Amino acid sequence: MHFQEWLRSLRSSVGLKAPESDDLRSLLPSLPLSNFSLSSFSLSPSSLLGLGALASLTAYYLVTRPRPMRPPCDLQAQSVGEPSCRRSALLEDDSLLEFYYQDTRTAYDMFQRGLRIAGDDGPCLGYRKPGQPYQWISYTEVAEQAQVLGSGLLAKGCQPNPNQFVGIFAQNRPEWIISELACYTYSMAVVPLYETLGLEAMVHILNLAEISLVICDREEKAASLLENKEKGVTPKLSCLVVFNDFSDAFLERAKNCGVEVLTLAQLMVSRMKPPQPQDLAVVCFTSGTTEKCPSVPTNNLSLSPKLNTFVSQVSMFCHGARVGFYQGDISLLMDDIKTLKPTFFPVVPRLLNRIYDKILGSVTSPLRRALLHYAVRRKQAELSSGVVRNNSLWDKLVFNRIQANLGGNLRFALTASAPISPTVLSFLRATLGCLIFEGYGQTECTAGCTFSMPGDWSAGHVGAPLPCAMVKVVDIPDMNYYAKNGEGEICIQGPSVFRGYLKDPERTAEALDSDGWLHSGDVGQWLPNGTLRIIDRKKHIFKLSQGEYIAPEKIENVYMRCVPVLQVFVHGDSLQSYLIGIVVPDPEVFVDWAKERGFVGSYEELCQNPDLKIAVLEDMKSVGKEAGLKSFEQVKDIYLHSETFSIANGLLTPTLKSRRADIRRVFQEQISNMYRKTAI
């Protein structure tokens, strides 16, 4: 066989371009090319076998080589529009997407679509007891139970919205979803309740929404609501539905204060009113921002409870997927994940940070650590070219155990709720070998308004606008952000934006302008490729990495009560789980206060004394505890600064308010050092 004929046949079979004669030696360095010419020659049997093996390997590689994901749009132009106002490049025009499927317009429709896809016996909701396999409730069983429960709610006086709301006070579990679907089936509005809201917020919610019936998962939670009823602070509450068994003593206690307690078996009636897209679906009370948390009512066009969980679950049902719940013990979560073998994993950044820390902490050998980092770099190189896979050589040698700990079947994950470090995100995209998307939004716009574009695996931004949202930035002159530069407060408009705060027109007017734009309070920056980066916060409220909201000025006002403290600046980072502070001691009392505790020196010397700093910190924590600050609201470290904040040094406004952005900039080094040295 002549080489030219073989090369021609190989080129025609796999589409190779013929190599130049000068490149031949580099292609086949082991062959005795000096013994033949390219025009005519014969090959020895061994050389023929070698060329055949090379041809087979080349063909195999070309057929099986990893191919990059084809993005749905130009990744260098992921959004279109003016420099300040942009929409998704996936849209053909400025008409925003309202419904992904024209026959699926409500949460009830979504579940019914999933029922059709999964079939009558298709698994829907899963649960397990410790050490036992998952048990599954089928789509048909869930639909039937939801209808029975909804019928019973109607029989007990719950009417389709907007007349009355149904509270759900339970841990995430199948019964929570069934209760939620029961309300949607009969056009009732849901009000999720959470223990973390606190007693005062719970009473406020029950009274504002005039809730008469609450569904609880166990007696202890129902008892806490009953206690409020006994105090006379929740007069409307008249019925409690409890999933778990309850005692006769609790039943008698409820009767004494005029509250009926029921089980699901007692709610057997049949009646149904099909929901409409304009019907109210959920009233979600956001947590942690104020003593009386604002409520966010949304209709079936823009659904919203604790949004990440809710949107993920509802969208999964729309495609006939099954949803498994963990046992309730966070220490057993990883065991649940390995048992469930999920394909989709909605996760908060805090958990991803734990996975990242656990991976790095488990590699103690310098050689293994070097191998891990090299493998990560090789996988990240594939990511940069658009290739996402879990079957590479590095996956088999290095990352296989990591992926097995998450079930070994993970195809994609979604992170939201708080920012995630670009380092952590890039690292986990490489090690987990799956698609990890990042979204941005808030309760008032039904969780998401921007989302990572498939195929764009860069980090440091929150993606492009979703097809259902128009996103713009507006000027913030006080912070030197201007829309003409592509920077400013992020505003959202579209069918996913909420209607307004329940019975609170004043706050509604603050959040929604006359043109229907939702003002987020976050500061964003448009990047050249059309994605959005979050760079600051307009309102002095931010979220820690675990999702807790922080109002720093409230905390600062508490700490100002400390005798040695003149000024204090509380700082938090959404990539960190705790607060730190910059403290200016009061020059008039600090020296004497320190002397009483055995510290002697000038004012400046005392500010540099690490032991005295600890004493000041302990005094601040004591005052904070007395004032009722929660543990996550207490600073974990402070820096004592000897120069007061003033108008002259640019750290105070003419009205003597802190210039927070400038203080953060001036003390960036100290802030970084505190986060680097402080261990929680």
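This report describes a predicted model, from its overall make-up to single residues.

## Basis

Local features need pLDDT of at least 70 and side-chain atom pairs count only at pLDDT 80 or more, while totals for chains, interfaces and linings use all residues. Numbering starts from 1 along each chain as its sequence is written, and side-chain values use heavy atoms, with hydrogens and water left out.

## Overall make-up

The protein has 22 helices and 26 strands. Both are DSSP runs, numbered from the N terminus: helices are H or I with at least four residues, strands are E with at least two. Of its 680 residues, 49% count as buried. Buried means under 20% relative accessible area, exposed means over 50%, and partly exposed lies in between (1.4 Å probe, protein chains only).

Contact means heavy atoms within 4.5 Å. Among contacts with a separation of 6 or more, 63% join residues 24 or more positions apart.

## Cysteines

The model holds 0 disulfides. The criterion is a pair of cysteine sulfur atoms within 2.5 Å. Cys 73 is buried, at 14% relative accessible area. Cys 562 is also buried, at 3%.

## The six-stranded sheet

Six strands make an open sheet in the order E1-E2-E18-E19-E20-E21, with antiparallel pairing. Strand E1 (79-81) and strand E21 (532-537) are the edges; each has a single partner strand, so one side of each lacks a neighbour in the sheet. From one strand to the next, the twist averages 40°. Two strands pair if DSSP finds at least two bridges between them. Axes are lines fitted to C-alpha atoms, for helices over the stretch in contact, and angles run from 0 to 180 degrees between N-to-C directions.

At one edge, E1 joins strand E2 (residues 85-88) through 3 bridges, and the two run antiparallel. Val 80 has Arg 87 in E2 as its bridge partner. At the other edge, strand E20 (residues 518-526) pairs with E21 over 5 bridges, in the antiparallel sense. Val 523 stands opposite Asp 536 in E21. The hairpin of E20 and E21 has 5 residues between the strands, and Gly 530 in this hairpin takes a positive phi near 90°.

## The three-stranded sheet and its helices

Three strands make an open sheet in the order E24-E25-E26, with mixed pairing. Strand E24 (565-572) and strand E26 (635-640) are the edge strands, each pairing on one side only. The twist averages 25° from one strand to the next. Strand E25 (residues 579-585) pairs with E26 in the parallel sense, over 5 bridges. Leu 579 stands opposite Val 635 in E26.

Helix H17 (residues 552-559) lies across E24, E25 and E26 and runs at about 150° to E24. Helix H20 (residues 610-626) lies across E24, E25 and E26 too, running at about 135° to E26.

The loop between H20 and E26 contains Ala 627. Ala 627 counts as partly exposed, at 34% relative accessibility. Not counting residues up to four places away in sequence, Ala 627 touches Val 558 and Arg 561. Ala 627 and Arg 561 are 66 residues apart in sequence, and their C-alpha atoms are 9.9 Å apart in space.

## Helix H6

Helix H6 (residues 174-185) has 12 residues, and 1.5 Å a residue gives an expected span of 16 Å; the end C-alpha atoms are 16 Å apart, which agrees. The expected span is 1.5 Å times one less than the number of residues.

H6 is largely enclosed by the rest of the structure, because 11 of its 12 residues are buried. Among them are Trp 176, Glu 180, Cys 183 and Tyr 184. Just after H6, Ser 187 takes a positive phi of about 60°.

## A buried lysine

Lys 379 sits in helix H13 (residues 366-384). Lys 379 is buried, with a relative accessible area of 3%. A polar atom of the Lys 379 side chain lies 3.3 Å from the backbone oxygen of Arg 389. A polar contact is a pair of N or O atoms within 3.5 Å; within protein, one must be able to donate a hydrogen and the other to accept it, and residues adjacent in sequence count only if both atoms are side-chain atoms.

Leaving aside neighbours within four places in sequence, Lys 379 is in contact with Arg 389, Ser 392, Trp 394, Asp 395, Phe 399, Ala 430 and Gly 433.
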